[in-house]
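Please find below a colleague's note on the two-chain model that you are about to look through. It is arranged as numbered points, so that each can be checked on its own.

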Amino acid sequence: MPSPAAQPLAGPPRRPWLTQKRTDALSAYALVAPFLALLLVFNLYVFARGLHVSLTDAQGINDGDFIGLQNYKDVLWADPLRTVDFYRAVRTTFLYTLGCLATQVPVAFVLAYVLNTIPLPRIRAVLRGAFFLPVLINTVVIALLFRMFFNKDQGIINHVLGLLHLPSNTDWLLHSEWALPLLVLVSFWQWTGFHMVYFLAQLQTIDPTLYEAARMDGATPWHNLWNITLPLMRPAFTFVMVTSAIGGLQMFDLVFMLFPNATYGPGGVAKTLVAFIYDQGFSQQFLTGVASAAGWITFLIIAAVSAVQLRLLGLGRQGEA
Amino acid sequence: MTKPLAPRRIPPLTPWQWAGVALLCLVGLLYLYPLLWLLDSSFRPAVDIFQFPPILFRDLPAALRGYTLGSFRSAFGHWHVGWAFFVSVIVTGSGIALTLLVTSLCAYAFAYLEFPGRRALFALILGTMMLPMTTMITPFYQVLRSLGLTNNLLGLIVPYSVSAFGVFLLRQYYIKIPRSLMECAKTEGAGHLRIWWSIILPLSRPALAALAIVQFRGIWNDFLFPMIILRSDQLYTLPIRIQVMDSQNFNKPYEAIISAGFITALVPMVFFLLFQRQFIEGLAGGLKE
C-alpha cells in the first residue's frame, strides 16, 4: 500500500519508532499467531516428527534407536512379510481410486448436465438435494447399512436379484473378487452427488449468450457440449479429479467398517494404504517406526499423483494469492 | 424463496421432457432408498428389520401399528448413545467455534494488513490445504501424547480448528468488503480487534456459515482420529460408539446400531434441509475462487 503523504501534525510525533506501519505489522503477527502456531504444531511438526520416527525402530511408547532407512527398506523390498502386504495395499488403493474416478466423475457430470437443463427450479433443487444427501452421512453408518444390504440371506441385493430371477445366493462380503467392486459401488453412492454439486455450480456460471450465439451459427447441441461446455468446465473437472483422488488414496473408514471385525475383506484383500499404516501403528505390535515410514511413502505417493494430475489436467484457476 | 415478481416464465415442457423429469425423480427416490430404509428400520422391532419385502409394502396397517421406540430405548439405555451424542455435540460445537475464531483472526490480517512475510506465509497456508493427515496418524498420536492430549477431547477439538481452507475462504470474502467501512471505524479510534469483532464478523456471516458447515460435516463424521485418540468409553463420539456396538460378535445389537446410525445421520440431514443454500455454497466455495 502506498503510504499517504505525511500529515501535518501539530507538534513533534510522540513515538517515532512506533509508526503506523510498524503497529500494523505487529498487530498482524499477533492476529495470525494462533492459527500459525496450531498449523505448525498439528500439521507441519507432525510431518517432521513422522520423518524422524520413520528413521528409528520406535515401538509403542518406546522411542527406539536410529536405524536409518531400514523401515523404508523393510516396507519396500527387504521384509517379504511386509512388502507383500504393502504392495497389495498399493494395488488395492490405486484400483479403488481409479474405479471411483471412472464411475463417479462421468456420472456426476451427466447428472449435473441433465439437472441443469430442467427448467423447473424447484424440482431441480429437490433433485440436487436428493443426490447430495449421502455426502452428509457418516461413512461408518453407510458402511454398516450396505453391509446389511449385501448380506447373503437377509440383504435386499440378493432379494431383488431373486425377484429378477438372477443368481441370488452370492455371499458378496465373503468373495475376494467382489471386495473392490463393492467398495467402489458404495463410494459411488456416497460421493457422486458431491461432484455433481461442483459441476452444477460451474455449469451455472457459463454465460447463456454463448449458446445463443452458437445457435445462430447453426451449432448442434452436441457441438455446444463439446466446444463450449466441456472446455469451460475444465476447472471443475480438475478440482473434482484432484480432490477425489486425494480422498480416494486415503480411504480407510469404509473398508474398516464394511467388512466385519476390521478384516478388510476376505483374507484382507481390500486393505488400503491407510489401513496398512493403521495396522502397523495401532495393532498388537505398535510398530510406530514402520507405520511412520509407510505414512511418508503414502504421503509421497499422494503428492506425486496430485502433481501428475495437475500437470495433465492443467492447473485449476488459482485465487489471486 | 424468490421475490414475488411476475410469475417466472417457464417454457412449456414437451411430454418427453416431462417423462424425463419423472424418470429423474424416480431415480432420485431409488437413490435415497438406503436412507428411507434406515428411517423406517430404526422405528421397527428387531424381528421386522430384516424382512423382504419390507413389512411396509407387505402389510401397511400392521407396519404402521408396529412402529416402536424399542430400538432407541436399547440404544440409549444400554449402549449410552445419548452420552455419545452429547460428546459429539460438544466436540463438533467447540471445534467449529475454535475454527471460526482462529481462522477469521488470521484471515483478517491477510486481507487488510501489510507485514513482512505476508505472501510467503499465505503461500505456506495454502500449501498445507490438502495435506493428507491420515498418513501421519502415528506421529500425530505421538505429538498429542507429548502434549498430554491423548484420550482427551481437546486432542480432537484443537487440531480440527487448523483449517487452511477456512483462512483462504474467509480472506477471499474479506477482501470484497469495502475498506471505507474500516477507515471510518479507524478514524473513530477503533483498534483491529474492535473492527474485526464489530464490522468484519457481522458482515462476513455468509462466509462464516459456509465454513462452519464444512467443518460441521467433517468433524461430526470423523472416525479415524477419534478412534486412535480416545481410549475411555465415556469420551467416545457417536461413530466410535457405533463401531464398538458393531464389534460385539455375540448378540450384535442390530436394532440399537440402526437407531444410533439413524441419529448420527439425522443431524446433518436436518441442518442440510434448513440451510441447503449455505451447504451447497460452502462446499462449492473452494471452486468459485
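The points below go from conventions and chains to the interface, the core and single residues.

1. Conventions. This is a predicted model, in which local features need pLDDT of at least 70 and side-chain atom pairs count only at pLDDT 80 or more, whereas totals for chains, interfaces and linings use all residues. Residues are numbered from 1 along each chain as its sequence is written, while chains are lettered from A and ligands numbered from 1 in the order in which they are written.

2. Secondary structure. Chain A holds 13 helices and zero strands, and chain B holds 18 helices, likewise with zero strands; helices (H or I, at least four residues) and strands (E, at least two) are DSSP runs that are numbered from the N terminus.

3. Overall dimensions. Chain A has a radius of gyration of 27 Å, where a compact globule of 321 residues would have one near 20 Å; the radius is taken over C-alpha atoms, and the globule rule is 2.2 Å times the number of residues to the power 0.38. For chain B the value is 24 Å, against near 19 Å for a compact globule of 289 residues. Along the principal axes, the C-alpha trace of chain A spans about 95 × 75 × 30 Å, and the C-alpha atoms of chain B fill a box of roughly 75 × 65 × 35 Å.

4. Burial and contact range. Of the 321 residues of chain A, 37% count as buried, and of the 289 residues of chain B, 43% do; a residue is buried if 20 or more other C-beta atoms, placed from the backbone, lie within 10 Å of its own, exposed if 12 or fewer do, and partly exposed in between. Among contacts in chain A between residues at least 6 apart in sequence, 70% join residues at least 24 apart, and in chain B residues 24 or more positions apart account for 78% of the contacts with a separation of 6 or more. Two residues are in contact here if their C-beta atoms, placed from the backbone, lie within 7 Å.

5. The interface. Contacts between the chains involve 68 residues of chain A and 71 residues of chain B. On the side of chain A that touches chain B, the largest share, 20 residues, comes from helix H1 (residues 20-54) of chain A. The residues of that side divide into 49 nonpolar, 16 polar and three charged, where Ala, Val, Leu, Ile, Met, Phe, Trp, Tyr, Cys and Pro count as nonpolar, Asp, Glu, Lys and Arg as charged, and the others, Gly among them, as polar.

6. A helix pair across the interface. Helix H5 (residues 139-149) of chain A and helix H16 (residues 238-246) of chain B pack at an angle of about 30°, with their axes 9 Å apart. H5(A) is therefore roughly parallel to H16(B), a label given to angles under 35 degrees; the axes are lines fitted to C-alpha atoms, for helices over the stretch in contact, and angles run from 0 to 180 degrees between N-to-C directions. Val140(A), Val141(A) and Leu144(A) of H5(A) meet Pro239(B), Ile242(B), Gln243(B) and Asp246(B) of H16(B), and the residues of this contact divide into five nonpolar, one polar and one charged.

7. The core. The largest nonpolar core, a set of buried Ala, Val, Leu, Ile, Met, Phe, Trp, Tyr and Cys residues joined through C-beta atoms within 7 Å, has 157 residues, and those with the most contacts inside it are Leu183(A), Val255(A), Leu258(A), Cys106(B) and Ala260(B). Helix H7 (residues 81-112) of chain B gives the most to this core, with 15 residues. Leaving aside neighbours within four places in sequence, Cys106(B) is in contact with Leu31(A), Val32(A), Phe35(A) and Val167(B).

8. Backbone points to check. Most residues other than glycine have a negative phi. His165(A) nevertheless has a positive phi near 60°; His165(A) lies in the loop between H6 and H7 of chain A and counts as exposed, with 7 C-beta neighbours inside 10 Å. Ala262(A), also not a glycine, has a positive phi of about 50° and lies in the loop between helix H11 (253-258) and helix H12 (273-282) of chain A, where Ala262(A) counts as partly exposed because 17 C-beta neighbours are inside 10 Å.

Terms used:
Parallel < 35°, antiparallel > 145°, perpendicular 65-115°, else oblique.
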